[in-house]
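This briefing covers the overall make-up of one protein chain and then a few residues in its loops. Please have the sequence and the structure open while reading.

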Amino acid sequence: MASATYQVNLGAVAAPTLSKPSGTYSVAQSVVVSTATAGATIYYTTNGLDPTTSDSSIASGGTL
């Protein structure tokens, strides 16, 4: 089971949107994370910790 939460820092980036609705899936899903803010970099973690620029992954092309 996986879940997702997000936090926008600095208030200068439009809230991200996820391509899949919340729910339970029986097989792995690709999720696209996007924002209307041009040039924004989306960092994420899969361990529940807050993302940082030094130890988090970048959503390549917006896809997790």
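Along the sequence, the protein chain runs in the pattern β-β-β-β. The model is predicted. Its secondary structure amounts to 4 strands and 0 helices. Three loop residues, V31, T37 and G39, are taken up below, after the totals for the chain.

**Chain as a whole**

- The protein chain has 64 residues, and 9% of them are buried.
- About 5,200 Å² of the protein chain is exposed, with 53% of that area supplied by carbon and sulfur atoms.
- Of the contacts between residues at least 6 apart in sequence, 20% join residues at least 24 apart.

**The loop between β1 and β2: V31**

- Strand β1 covers residues 17-18, and V31 lies in the loop between β1 and β2.
- V31 has a relative accessible area of 18%; the cut-off for buried is under 20%, so V31 counts as buried.
- V31 and S19 are separated by 12 residues in sequence, while their C-alpha atoms are 5.7 Å apart in space.

**The loop between β2 and β3: T37**

- T37 is placed in the loop between β2 and β3.
- The relative accessibility of T37 is 23%; partly exposed covers the range between the 20% and 50% cut-offs, and T37 is therefore partly exposed.
- Leaving aside residues up to four places away in sequence, T37 touches A12, V13 and A14.
- For A14, there is also a polar atom of the T37 side chain 2.7 Å from the A14 backbone nitrogen.
- P16 is 21 residues from T37 in sequence, and the C-alpha atoms of P16 and T37 are 9.0 Å apart.

**The loop between β2 and β3: G39**

- G39 lies in the loop that runs between β2 (33-34) and β3 (43-44).
- G39 counts as exposed because its relative accessibility is 77%, and the cut-off for exposed is over 50%.
- V13, one of the residues that T37 touches, is 26 residues from G39 along the chain, with 9.7 Å between the C-alpha atoms of V13 and G39.

**Points to check in the viewer**

- Which residues does T37 touch, not counting those up to four places away in sequence? They are A12, V13 and A14.
- Is V31 buried or exposed? V31 is buried, at 18% relative accessible area.

Key: Residues are numbered from 1 along each chain as its sequence is written. This is a predicted model: local features need pLDDT of at least 70, side-chain atom pairs count only at pLDDT 80 or more; totals for chains, interfaces and linings use all residues. Side-chain values use heavy atoms; hydrogens and water are left out. Helices (H or I, at least four residues) and strands (E, at least two) are DSSP runs, numbered from the N terminus. Buried means under 20% relative accessible area, exposed over 50%, partly exposed in between (1.4 Å probe, protein chains only). Contact means heavy atoms within 4.5 Å. Accessible areas come from the Shrake-Rupley method with a 1.4 Å probe; for residues, only the protein chains shown count as cover. A polar contact is a pair of N or O atoms within 3.5 Å; within protein, one must be able to donate a hydrogen and the other to accept it, and residues adjacent in sequence count only if both atoms are side-chain atoms.
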